[in-house]
Amino acid sequence: MRRKATSPQHRVFGLGQCSLDALGTIAAYPPPDVKCEFTGLTVQGGGPVATALAALSRWGIACAFAGVVGDDPAGDAIRASLLAEGIDTAGLVMRPGALSQQAFIFAEPARKGRRTIFWQRPTGDPLLPGEVDLEKLRRAHAFHTDGLFIEAALFAADEARKAGIPVVVDAGTLRDGMLDLARRSDCFIASETFGRALAGDDFPGEALKRMAALGPGLVAVTLGAEGYAALLDGRIVRKPAWPARAVDTTGCGDVFHAGFVYGLLNGWEHGRSLDFGAWAAARVSRRLGGRAGIPTLRQVRAAGYR
Ligand SMILES: Nc1ncnc2c1ncn2[C@@H]1O[C@H](COP(=O)(O)OP(=O)(O)OP(=O)(O)O)[C@@H](O)[C@H]1O
Ligand SMILES: [Mg+2]
C-alpha cells in the first residue's frame, strides 16, 4: 500500500553547511601579533546551503534543510535563524556534546568588501546518508548541496536524480568526493578557489571544460568582483559583476546560487538565471553579513526578474 504523504511540499531540498557567523568591519587586514579594532559587530546565520535557502525562502520558495548542529548555543541560534526564515528544519540533526559550525569574519570595505573567514566545522559526526529524509527529497523540485557532508550529499544526489529532480551544487572547495558529486549533478557552479584547484592557471576556460566533462549540463564559475564565467551552448560566456559599493562579500556566492535555483524553478534560460544570481549577489555585498542584504521579492520583481 502506498503511504499517504503527510509532510508539506517543499520546492527546494538543501543539504549542507549551516553556520553562525560573527562579522565585523576592519580598516585593513592586520599583520600578525597586533590588536586590531573592528566595528559593526553583527551575528547572522551563514553557510552556503543555509544562506541560499534563506534567500529562496524570502522569495516565496518553500525550503527544507538537512544538516548538523551541536547542542550548543550556536546550534540553537542556527536553528532559530532558519526557522525565522520559514525553512523546515526537521532535517537539521543535533549531535549531543558537539559544537556547531561557527565563523569569525572580517570584512574590508576599503578593499571592495574583501573578507577573511576563520571557521570551525561542526565537531560532531557528519550527516549520514540514513539521516536524509528521502520522502521529502523526492517530492522537491530541486536539490541543492555544497558537499560538506559528502557521503550524504552523494547519496541524496543519486536519489534526486532517480526521482528526476535537478541537482545543483555549490562547489566552494575541491574536497574529496566533489568530482563524484559533479558526476551526479545537473548544474555545477564553482568558486574561483575550486576552479583554480582543479585546473591551475588555465582558468576559467580549462576549469569549465573539465567540469563539463564530468557530465553536468550547466557549469559555471564565480569570479568575485569580476563576475562569472559559464559554458552556455558550448561557448564560454563571461559576464562582469553588477556594480555595487561592496562592504562585505560574505554570502555573495551563496545567494548567487539561490538566484540560479530560483531561475531554474521558474524555467528560465540558464543565462538569465545566472544573471539574476549575479544581480542578487551584488545586492548582498552592500551589507555586512550574508543575509542582511538579500533583496526582497518586491525588489526582485521591480528589477524585472519575474
Ligand atoms: N564586489 C562585488 N560586487 C558585485 N558583485 C559581486 C562582488 N563580489 C561578488 N559578487 C557577485 O557574487 C558572485 C559570487 O561571488 P564569489 O565568487 O566571491 O563567491 P564565493 O567565492 O562562493 O564566496 P562566498 O562563498 O563567500 O559567498 C560573483 O560571481 C559576483 O556576481
Ligand atoms: Mg561560496
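User: How many helices and strands does the protein chain have?
Analyst: The protein chain has 10 helices and 13 strands, where helices (H or I, at least four residues) and strands (E, at least two) are DSSP runs numbered from the N terminus. This is a predicted model, in which local features need pLDDT of at least 70 and side-chain atom pairs count only at pLDDT 80 or more, whereas totals for chains, interfaces and linings use all residues. Residues are numbered from 1 along each chain as its sequence is written, while chains are lettered from A and ligands numbered from 1 in the order in which they are written.

User: What about the radius of gyration of the protein chain?
Analyst: For 306 residues a compact globule would have a radius of gyration near 19 Å, and the 18 Å of the protein chain agrees with that; the radius is taken over C-alpha atoms, and the globule rule is 2.2 Å times the number of residues to the power 0.38. The C-alpha trace spans about 65 × 50 × 40 Å along its principal axes.

User: Which peptide bond is cis?
Analyst: The bond from F203 to P204 is cis, with omega near 5 degrees, and P204 sits in the loop between α6 (192-199) and α7 (205-213).

User: Switching to phi, what is the value for K112, and what for D233?
Analyst: K112 has a positive phi near 55 degrees without being a glycine, and D233, also not a glycine, has a positive phi of about 50 degrees. Most residues other than glycine have a negative phi.

User: Where are they, K112 and D233?
Analyst: K112 lies in the loop between β6 (102-108) and β7 (114-120), and D233 in the loop between β12 (228-232) and β13 (235-239).

User: Why does K112 count as partly exposed, and is D233 buried or exposed?
Analyst: K112 is partly exposed because it has 16 C-beta neighbours inside 10 Å, whereas D233 is exposed, with 8 other C-beta atoms within 10 Å. A residue is buried if 20 or more other C-beta atoms, placed from the backbone, lie within 10 Å of its own, exposed if 12 or fewer, and partly exposed in between.

User: And ligand 1, how many residues surround it?
Analyst: Ligand 1 is surrounded by 27 residues, of which T222, A246, C252, G253 and A281 are the closest; a residue is near a molecule if its C-beta atom, placed from the backbone, lies within 6 Å of it. The elements giving two or more residues to this shell are α8 (252-265) and α9 (270-284).

User: Which of these gives the largest share?
Analyst: The largest share of the shell around ligand 1, 4 residues, comes from α8.
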